[in-house]
Amino acid sequence: QVQLVESGGGLVQAGGSLRLSCAASGRTFGNYVMAWFRQAPGKEREFVAATRWSVSTTNYADSVKGRFTISRDSAKNAVNLQMNSLKPEDTAHYYCAAVLSYGSIGLYVRPNQYNYWGQGTQVTVSS
């Protein structure tokens, strides 16, 4: 059974940084796309970033390009999201997601394409 557990959220001032981590277990994730989504109150869940477990390829939402970096930590079986230059509009509940896929990660940007989700971690950026 796949389990995704997020950690690392918190309160930070605008311009600051946070590092989120998603600990993955229950499966060999070699052919999985691993992603981060976020959802602010009253808004739809939106794509943030994605990577493949086995290949160093990434995809980012335009709103976070140049500020966020997604990476894999094979030793810890985790996917991390380094968030720099945070803005108040980055405030949201951040979720880790996974899907078995052999296609281009650029195609996997909708929440309904992913079938495994963590409970999420809250990120709040104050102005």
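User: What makes β9 and strand β10 (residues 116–117) a pair of strands?

Analyst: In this predicted model, β9 and β10 are joined in the antiparallel sense over two bridges. Pairing asks for at least two bridges between two strands, so this count meets the requirement. One of the residue matches is that of Ala97, whose bridge partner in β10 is Trp117.

User: With which other strands does β9 pair, and over how many bridges?

Analyst: Strand β4 (residues 32–39) pairs with β9 in the antiparallel sense over eight bridges, and within that pairing Met34 stands opposite Ala98 in β9. Strand β11 (residues 121–126) also pairs with β9 in the antiparallel sense, over three bridges, and Gln122 in β11 is the bridge partner of His93.

User: Why is strand β9 described as largely enclosed by the rest of the structure?

Analyst: Strand β9 covers residues 92–100, and seven of its nine residues are buried, so the description follows from that count. Tyr95 lies in strand β9 and illustrates the criterion: its relative accessible area is 14%, and since buried means under 20%, Tyr95 is classed as buried.

User: How do you know that Tyr95 and Trp117 form an aromatic pair, and what kind of pair is it?

Analyst: The ring centres of Tyr95 and Trp117 lie 6.3 Å apart, and pairing requires centres within 6.5 Å, so the two rings count as a pair. The angle between their planes is 80 degrees, and because angles over 60 are classed as edge-to-face, this pair takes that name. Tyr95 belongs to strand β9 and Trp117 to strand β10, which means that the pair ties together parts that are 22 residues apart in sequence.

User: Is Trp117 buried, partly exposed or exposed, and what about its other partner, Tyr114?

Analyst: Trp117 has a relative accessible area of 26%, which falls between the limits of 20% and 50%, so it is partly exposed. Tyr114 and Trp117 also form an edge-to-face pair, with 6.3 Å from centre to centre and 65 degrees between the planes. For Tyr114 the relative accessible area is 5%, so it is buried under the 20% limit.

User: Which residues make up the cluster that these ring pairs build?

Analyst: The structure holds nine aromatic pairs, and ring pairs link Phe37, Phe47, Tyr95, Tyr108, Tyr114 and Trp117 into a cluster.

User: Why is the charge of Arg45 said to sit over the rings of Tyr95 and Trp117?

Analyst: The charged end of Arg45 is 3.8 Å from the centre of the Tyr95 ring and 4.8 Å from the centre of the Trp117 ring. The distance part of the criterion is a limit of within 6 Å, so both values satisfy it.

User: What makes the phi of Asn77 worth a remark, and where does this residue lie?

Analyst: Phi of Asn77 is near 50 degrees, a positive value in a residue that is not glycine. Most residues other than glycine have a negative phi. Asn77 lies in the loop between β7 and β8, and its relative accessibility of 27% is between 20% and 50%, so it counts as partly exposed. Ser85, in the loop between β8 and β9, likewise has a positive phi near 50 degrees, and at 41% relative accessibility it too is partly exposed.

User: How do you know that the side chain of Arg67 makes a polar contact with Ser85?

Analyst: The side chain of Arg67 reaches the backbone oxygen of Ser85 at 3.0 Å, and a polar contact needs a separation within 3.5 Å, so the distance requirement is met. Arg67 is found in the loop between β6 (58–60) and β7, and with 10% relative accessibility it lies under the 20% limit, so it counts as buried. Beyond four places in sequence, Arg67 also touches other residues, including Gln82, Leu86 and Asp90.

User: Why is Cys22 called buried, and which residues is it in contact with?

Analyst: Cys22, which lies in strand β3 (residues 18–25), has a relative accessible area of 0%, under the limit of 20%, and is therefore buried. Leaving aside neighbours within four places in sequence, its contacts include Trp36, Asn77 and Cys96. Glu6 is 16 residues away from Cys22 in sequence, yet their C-alpha atoms are 4.4 Å apart.

Conventions
Residues are numbered from 1 along each chain as its sequence is written. This is a predicted model: local features need pLDDT of at least 70, side-chain atom pairs count only at pLDDT 80 or more; totals for chains, interfaces and linings use all residues. Side-chain values use heavy atoms; hydrogens and water are left out. Buried means under 20% relative accessible area, exposed over 50%, partly exposed in between (1.4 Å probe, protein chains only). Helices (H or I, at least four residues) and strands (E, at least two) are DSSP runs, numbered from the N terminus. A polar contact is a pair of N or O atoms within 3.5 Å; within protein, one must be able to donate a hydrogen and the other to accept it, and residues adjacent in sequence count only if both atoms are side-chain atoms. Contact means heavy atoms within 4.5 Å. Rings of Phe, Tyr and Trp (its six-membered ring) pair if their centres lie within 6.5 Å; planes under 30 degrees apart count as stacked, over 60 as edge-to-face and the rest as tilted. A charge sits over a ring if NZ of Lys or CZ of Arg is within 6 Å of the ring centre and within 35 degrees of the ring normal.
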